[in-house]
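Below are some comments on the model you sent, set out as numbered points. They deal with the ligand site and then with one helix whose geometry deserves a careful look.

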Amino acid sequence: MKFDVAIIGGGLAGLTAGLSLQKRGLSTVIISAGQNAMHFSSGAFELLSRTPDGMPVDSPLEDIPLLPGDHPYSKIGLPRLTALIDQVPQLFASAGIKLQGHALRNSFRITPTGTLKRAWLALEDVALLPTVETSVGRKVLLVNLAGYPDFFTSFIAEGLEARGSSVRICSLKLPEMETLRTSPSEMRSVNIARVMDTAWKSVVDGVKLHLRGEDTVILPQVFGLKDESVLSLVRGSIPANVLFVGTMPPSVPGIRAQMKQKAAYENAGGTTLMGDTAVSAVLDGGRVVSLRTRNLGDHPVEAGQFILATGGFFSKGLSSTPSRVYETLFSLDVDYDADRNNWYAYDFFTPQPYLDFGVKTDNSFRAVRDGEAIENLRVIGSILGGAHSFKLGCGGGVAILSALAVAEDLSNELK
Ligand SMILES: Cc1cc2nc3c(=O)[nH]c(=O)nc-3n(C[C@H](O)[C@H](O)[C@H](O)COP(=O)(O)OP(=O)(O)OC[C@H]3O[C@@H](n4cnc5c(N)ncnc54)[C@H](O)[C@@H]3O)c2cc1C
């Protein structure tokens with residue numbers, strides 16, 4: 001199998017790069033081992049949600065020139081970054097994914113614990129407020145589904161009441177959910193979402209019975225897994241402002257977005273090797289020649305250019321021994337602290353340093369091994385070093401924008 005570009009990893013970064021490259025007329029393959037971070041995400045992408053140390057600012061884009069030179073945004077540069085950001089809503093819309101939010105400024109999403117967190121662009125069923133002062137609603141009806149343990153109504157109510165809303169909680173008992181439980185502890189968002197393409201009507205009827213003049217209704221994000229139109233049907237059938245708030249993972253909006261990205265990529269002519277793992281690479285003269293995958297065995301995947309989008313520790317793009325952090329496929333140079341004692345913070349709730357380790361690249365995102373850039377291997381997404389995604393809250397932004405920058409560069413080079 002021979003392609004213009006082979007992409008290893010089919011998460012947000014790999015799929016964004018693949019779709020962009022296919023639309024630019026290149027032939028690509030995505031090899032992807034399995035689940036990715038989107039399946040566990042909030043459904044909101046972060047561009048820069050936390051302020052760099054000591055920099056008091058409101059607008060995240062204004063912070064970008066202040067980021068260290070090895071940060072992926074700094075490598076792209078502010079004018080180009082702004083131009084790439086402009087492409088994002090349209091590229092996602094072409095995959096049938098409607099994004100809300102301001103492309104150049106943070107909004108605020110309601111988290112599953114009722115607090116507010118800065119967010120950049122978000123999927124349609126994420127409760128997003130334009131400013132931190134925006135009221136969620138004067139009177140809120142917070143609705144859970146009986147038997148569903150992963151939607152924390154008391155936390156959400158406490159968070160909203162602290163912001164001035166009066167909140168009433170109710171629980172709907174649905175006959176459609178009675179057959180879903182396979183064990184006492186097994187009732188996940190996705191199991192519920194599978195029946196909600198039809199059972200949404202029972203939810204609407206139940207909510208209407210409970211409404212006592214509330215202006216806002218909050219529901220868990222368990223709608224529209226396959227059929228996104230259910231979101232507007234629910235919104236249009238309840239006589240109040242309807243907001244969908246996150247549950248514990250898995251993430252229904254995240255999974256839906258990934259299914260749509262994958263379908264759009266394949267419709268654009270892209271080849272997917274889903275459930276397959278790249279296990280080794282052949283290099284010759286400082287260039288990658290081919291990859292071997294677990295399923296294809298002796299049939300290598302060949303390409304002129306390669307993109308590594310295998311994610312961080314979570315997706316096994318990075319791994320470690322007690323003394324060393326390493327990149328799992330090419331043994332690339334990794335940016336990490338040599339002193340193991342500095343890998344983690346004792347306070348569980350502070351940003352953990354190891355989450356910010358990543359692969360070193362040159363300014364064009366070419367991977368570096370033994371101090372030398374590999375000419376035809378680019379690195380994108382959360383495996384990138386220098387991003388400090390966890391500390392700065394820029395995971396989704398880095399994934400999408402590094403993917404678009406590399407796709408643009410490769411298409412310019414290959415044409
Ligand atoms: C649990 C979790 C929740 C997050 N939530 C958010 C959020 O709400 N908002 C936000 O902005 N950011 C969030 N992030 C940050 C997140 O890292 C990025 O937003 C982004 O989704 C990362 O995308 P990625 O494509 O770089 O990596 P991943 O999503 O990790 O995808 C990497 C893919 O590569 C595959 N892979 C790995 N090795 C191989 C191999 N050898 N061969 C083939 N395939 C391989 C993996 O199976 C995986 O599918 C979250 C991260 C985590 C871990």
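Which helix supplies the largest share of the shell around the ligand?

1. In this predicted model, the answer is helix 10, from which 3 residues of that shell come. Helix 10, which runs over residues 395-414, is joined by helix 1 (12-23) and strand 2 (28-32) as elements that each supply at least two residues of the shell.

2. There are 32 residues around the ligand, and those that come nearest are Ser42, Ala44, Ser315, Ser382 and Gly396. Sorted by class, the shell is made up of 17 polar, 13 nonpolar and 2 charged residues.

3. Among the polar pairs, an oxygen atom of the ligand lies 3.2 Å from a backbone N or O atom of Leu12, while a side-chain N or O atom of Ser32 is 3.4 Å from an oxygen atom of the ligand. A polar backbone atom of Ala33 is 3.0 Å from a nitrogen atom of the ligand. The ligand taken alone exposes 1,000 Å², of which the protein buries 85%.

4. Turning to helix 6, residues 189-210, its 22 residues would reach 32 Å in a straight helix at 1.5 Å a residue, yet its end C-alpha atoms are only 22 Å apart. Helix 6 also bends by about 85° at Asp197, and I would look at these two values together.

5. As for burial, the buried residues of helix 6 include Ser189, Val190, Asn191, Ile192 and Ala193. Further along helix 6, Met196, Ala199, Trp200, Val203, Val204, Gly206 and Val207 are also buried.

Conventions: Residues are numbered from 1 along each chain as its sequence is written. This is a predicted model: local features need pLDDT of at least 70, side-chain atom pairs count only at pLDDT 80 or more; totals for chains, interfaces and linings use all residues. Side-chain values use heavy atoms; hydrogens and water are left out. A residue is near a molecule or strand if one of its heavy atoms lies within 4 Å of it. A polar contact is a pair of N or O atoms within 3.5 Å; within protein, one must be able to donate a hydrogen and the other to accept it, and residues adjacent in sequence count only if both atoms are side-chain atoms. Accessible areas come from the Shrake-Rupley method with a 1.4 Å probe; for residues, only the protein chains shown count as cover. Helices (H or I, at least four residues) and strands (E, at least two) are DSSP runs, numbered from the N terminus. Ala, Val, Leu, Ile, Met, Phe, Trp, Tyr, Cys and Pro count as nonpolar, Asp, Glu, Lys and Arg as charged, and the others, Gly among them, as polar. The expected span of a helix is 1.5 Å times one less than its number of residues. The bend at a residue is the angle between axes fitted to the seven residues ending there and the seven starting there. Buried means under 20% relative accessible area, exposed over 50%, partly exposed in between (1.4 Å probe, protein chains only).
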